Amino acid sequence: MPETIHLPIGPQHPFLKEPAKFDFDIQGEEIVGARMNIGYNHRGIEKLCEDRNYFQCLFILERICGICSHSHTTAFVQAVEKLLGLELPKRGLYLRTLVCELERLHSHLLWLGVAAHEVGFDTLFKLVWRDREIVMEILEEISGNRVNYAINTMGGVRRDLTEEQRKKILAMLEPLLARTEYYAGIGTNEPSFVGRIKGVGRMSKERAIEKCAVGPFGRASGVDMDIRRDDPYGAYPDLDFKVITSDECDIYGRVLVRVFEIVESCKMVKQILENLPEGEIAVKKVMRRVPAGAAVSRYEAPRGEDVHYVRGNGTEKPERVKVRAPTMANLEAATESVVGAFVADIPIAIASIDPCFSCTDRTTVALNDRKRGRRLTTWADLRQHGIDWYRKNRGISF
Amino acid sequence: MNSLKVALYILVFPGFLFQSGFSTFLEWVDRKVYARMQNRRGPMYTGWAGMLQPIADIVKLLSKEDIVPAAADRRAFAFMPILSLAAVFTAGLYLPVWHLRSFNSFEGDLIVVLYLLTIPSFSLFLAGWFSVSPYSLLGATRVLTQLFAYEVPFFLAILTPAVLAGSWQISKIAIFPWTVAGHWWVIPIEAIAFVVAILTLQAKLERVPFDIPEAETEVVGGPLTEYSGKKLAIFRLQKDILMYVGAALVACVFLGGFGALPQGGDQASIGVLGLIFGGYLGGVTGLLLGVTNLVVKTALVVFLLSTLRAACARIRIDQIVRFSWRYLAPWSVVQFLIVLLFKAKGAV
């Protein structure tokens, strides 16, 4: 029995694009134990939202993630629209969905490049990222921005699409579709690439459900779940699309699911552009004060199900905004899937969920209880402290 | 006078200065080819089309801060880069790049070169071992594991032409395809060994798909994780020279070599093909032909290495061991048998 070595990875490591900490127990090259910890990039966005009105919140939430920025605003906007009871015009919904799908396209292309890079296949990485630029240009054409599109607003979208733009984008889609199909072929057939991903990072269907895996990660383990179909929003009820699943249960399956989702997304973008309805792009009048109540909105982000919970209290500021980014749901499952693999498989196995640690970051603060000389403050003590503080400073008694 | 000549050999022409310069040229070729295959431009600004970029990189590294980890064995840590550089540089001296016989050539120098080319791997292993960091240790063990995978097929592949030529001297193996008119067809006979040699050379150089010991995304820099500044610069130069020596060795034993005959050499027995494609001609013309052959043939080998690098993903350590013992080693044995068959028939 070889000696067990502790291999720390992170918070800084070449394979991690964002800070996170992984601890692996290794015997030789084999991993026998894995733990993970996040909290290096917590930005307190949920708290920031409580101090801003709903429109300002949009711009804060857009910056949760640099890749799925539209996902977070759409999820939030949908929740607020539920509270406001708005009925959106068709064209607005279509344009919103158009950006959704383009975002999925560029996110999956980006992921394919990163995955290729993690296993040293830099040629695929460079070529995929070159052609991802086409999507970025389309997004720039639509919204004027490459990353944070700022196209969502309560009750619709902020920019319309002219007829020339529509034709131009349709023309740009042709080479994109051809090239993505080519990369899909490379990603699923190139022997050295497939040799690295097949049978690695296994996650059974049962275990994936137990660990609440979502999105392409879950679908690659045979969990047939897609919010676009199961709980449709936007223009998805009108669109004709397939939900890609795979029974491979490994990284190869995740590549399969994502590359075919890319192809599917290309087709959906085409559908949307060809059937773009006429009319308004947004509701004319939107109240600044949102009625009291709570709403939950689910959204199929490129990485999986994104959940936003918004509670209004009748003012123009939300009382609570809660974000559950898809990485949060997948991270534990991904850490577990590494056990039994080799050290060489760590980067690709972790990257196979398309992690976005900044989006998902939570933090725990250990409060020293100085008064009682304890290392941690208990919940009861903290509550008592709050009551005392408000009584002393604000004159409020509970 | 003679000792001055030897000093010049060692320091200037086939020696240090030439090897450093030419190997950085080969690195430039490699980077440029690799970049073009990825639809990038590669080095652009230092020198003509970025030709001086590799040198600039090394100079920059030399000027960087040199950090030695507190837990590391200081002396061994500093000695390893020098040892590996000295080994590849000495190996390079035995290559017949100018005269038909390099100044220190002898019967059996092929064995010495192969032996010297093994030292960088061991010094890399020790460098990782003495750095005392998890990534270095992982990288170091991977270096050794990989060595056991590729070394035997590499030896078998390189020794095949030696058996064919009936000599252990690199220059004799190099000139063998040209010596008697009509013998150039021994080059295609060794095709399998050539492919094996290219693959194992790639593994020796630790480049994709065999860059397992220093896989950036897995073990940061492998054995070199803790190296910085001058020591890292020396390792980089060593890697460049290793690529040059490896490519030139393959070109010598498989592609007919390169080099001008010394005055009074047995020029007559070399056919026209040999004079042109081997560059075995006296005087200035011979020198030019020899240099052209050197550049073209090593660049060709490097081109193949870069193509391989661009076309593959990195494989795993267990995969390379399986690959080389299941495919490379048996195929080199098959090649050996083919060569022995030719020998037995008396065809060559």
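**Close-up views of a predicted model**

**View 1. In this predicted model, helices α6(B) and α7(B) are roughly perpendicular to each other.** The verdict follows from the crossing angle, because angles of 65 to 115 degrees count as roughly perpendicular, and the axes of α6 (residues 134–165) and α7 (residues 170–179) of chain B cross at roughly 65°. These axes come within 9 Å, and α6(B) passes α7(B) in a left-handed crossing. To find the contact, look for B:Pro161, B:Ala162 and B:Ala165 on α6(B), and for B:Lys172, B:Ile173 and B:Phe176 on α7(B). Five of the contact residues are nonpolar, one is charged and none is polar.

**View 2. Here we visit the largest nonpolar core, which has 210 residues.** The members that touch the most others are A:Val80, B:Ala197, B:Val245 and B:Val250. Helix α11 of chain B (residues 229–254) gives the most to this core, namely 18 residues.

**View 3. This one centres on B:Ala197 and the residues it touches.** Leaving aside residues up to four places away in sequence, B:Ala197 touches B:Phe154, B:Ala157, B:Ile158, B:Val250 and B:Phe254.

**View 4. Chains A and B meet in a contact that takes 27 residues from chain A and 23 residues from chain B.** On the side of chain B that touches chain A, at least two residues each come from α6, α10 (216–219), α13 (283–311) and α14 (317–345). The largest share of that side, three residues, belongs to α10(B). By residue class, this side of chain B has 13 nonpolar, six charged and four polar residues.

Technical notes
Residues are numbered from 1 along each chain as its sequence is written. Chains are lettered from A and ligands numbered from 1 in the order in which they are written. This is a predicted model: local features need pLDDT of at least 70, side-chain atom pairs count only at pLDDT 80 or more; totals for chains, interfaces and linings use all residues. Axes are lines fitted to C-alpha atoms, for helices over the stretch in contact, and angles run from 0 to 180 degrees between N-to-C directions. Helices (H or I, at least four residues) and strands (E, at least two) are DSSP runs, numbered from the N terminus. Angles under 35 degrees count as roughly parallel, over 145 as roughly antiparallel, 65 to 115 as roughly perpendicular and the rest as oblique. A crossing is left-handed if the near helix is turned anticlockwise from the far one by less than a right angle, and right-handed if clockwise. Two residues are in contact if their C-beta atoms, placed from the backbone, lie within 7 Å. Ala, Val, Leu, Ile, Met, Phe, Trp, Tyr, Cys and Pro count as nonpolar, Asp, Glu, Lys and Arg as charged, and the others, Gly among them, as polar. A nonpolar core is a set of buried Ala, Val, Leu, Ile, Met, Phe, Trp, Tyr and Cys residues joined through C-beta atoms within 7 Å. A residue is buried if 20 or more other C-beta atoms lie within 10 Å of its own, exposed if 12 or fewer, and partly exposed in between; C-beta atoms are placed from the backbone.
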